[in-house]
Amino acid sequence: MKADENNGRGEARRPFPASVKAALIDMDGTLLDSMPSHARAWHRMVSELGIKCSLDEFFGYEGMTGAATIDLIFRRELGRPATEREKVELYARKTGYFNEQPRVPVMPGAARMLETLAGRGVRRVLVTGSGQKSTIGRLAAEFPGAFEEGMMVTSRDVSRGKPDPEPYLLAMEKAGVLPSEAVVIENAPLGVKAGAASGAFTVAVTTGPIRESEMRAAGADMVFPSMEAFADALPGLLG
Ligand code: MG
């Protein structure tokens, strides 16, 4: 079910920016192969509330903040918004279930991509809907030097998470770049939507069950079938 429509050629809807000054990079499913663990943790927590859900639906919510995901499920299943207290408690429970699982692997190709960007003087900003200290904290250990102090936007920094463009607009502000000088790197349709709405050139990497056509529909300018394929193509794209 992986994206295979472009055989890794990453054909672009519009030209890759001539002068990229910053790469705005998602974390879960992009730098860390963490989505299966997140989906299992969400499924366990939501099932315990007596709500019927499927494992796969949580891949579709990827990119949203935890609070927004809980609110969406409450509105749909219980016909009311979640309270602030429920959002905090249930997200903490989900995070606990995530942390009980084995350590998630680093996404193959991610380190190479970050090294290429650093080597070309492209600023890197992490842009994640996550608020999980455990996973965010791993980045410094797994990708030393990849993200400078302060070059990070998490769920705590924004009032409207992905698919709203706010996280990516804030990341551009931190990097001091215009949308025309930035590239967003994402693995989830809601994140791609946020990137596209920010005006930045948006690259989607399909690292899970979501198809290329969904990434294109969300507004991806370019789609790669794996992070390794993107890491292979990146030196050529940067010129
Ligand atoms: Mg992601």
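The paragraphs below walk through a predicted model, beginning with a strand, moving on to a metal site and ending with a cavity.

A good place to start is strand 1, which covers residues 22–25. This strand pairs with two others: with strand 2, residues 123–127, it runs in the parallel sense over four bridges, and with strand 4 the pairing is again in the parallel sense, over four bridges. The residue I25 illustrates both contacts, since its bridge partner in strand 2 is L126, while its bridge partner in strand 4 is I185. Are the residues of strand 1 buried or exposed? Both faces of the strand are covered, with A22 and L24 buried on one side and A23 and I25 buried on the other.

From the strand we can turn to the magnesium ion. Which residues coordinate the ion? The donors come from D26, through OD, from D28, through O, from E62, through OE, and from N187, through OD1, and they lie at 2.0 to 2.1 Å. Along the sequence these donor residues follow the spacing D-x1-D-x33-E-x124-N, and the pair D28 and N187 links distant parts of the chain, 159 residues apart. D28 sits in the loop between strand 1 and helix 1 (35–48), whereas N187 sits in the loop between strand 4 (182–186) and helix 8 (189–198). It is worth asking why D28 is classed as buried. A residue counts as buried when its relative accessible area is under 20%, and D28 therefore qualifies, because its relative accessibility is 8%. By the same cut-off, N187 is buried too, because its relative accessible area is 5%.

The last feature to look at is the empty space inside the model. How many cavities of 30 Å³ or more does the structure hold? There are three of them, and the largest contains about 240 Å³ of space. This largest cavity is lined by 19 residues, and those closest to its centre are D28, W42, E62, G63 and M64. Two of these names are already familiar, for D28 and E62 also coordinate the magnesium ion. Helix 1, helix 3 (66–78) and helix 4 (84–100) are the elements that give two or more residues to the lining, and helix 1 provides the largest share, with four residues. Sorted by class, the lining of the largest cavity is made up of seven nonpolar, eight polar and four charged residues.

Note on methods
Residues numbered from 1 in each chain as written. Predicted model: local features only at pLDDT ≥ 70, side-chain atom pairs only at ≥ 80, totals over all residues. Heavy atoms only, no water. Donors = N, O, S within 2.8 Å, 3.2 Å for Na, K, Ca; no water. Buried < 20%, exposed > 50% of the residue type's maximum accessible area, 1.4 Å probe, protein only. 1 Å grid on protein atoms, 1.4 Å probe; cavity = no way out; pocket = protein on both sides within 12 Å on 5 of 7 lines; lining within 4 Å. Points joined across faces, edges and corners; volume = space filled by probe spheres on them. Nonpolar A, V, L, I, M, F, W, Y, C, P; charged D, E, K, R; others polar. Pairing = 2+ DSSP bridges.
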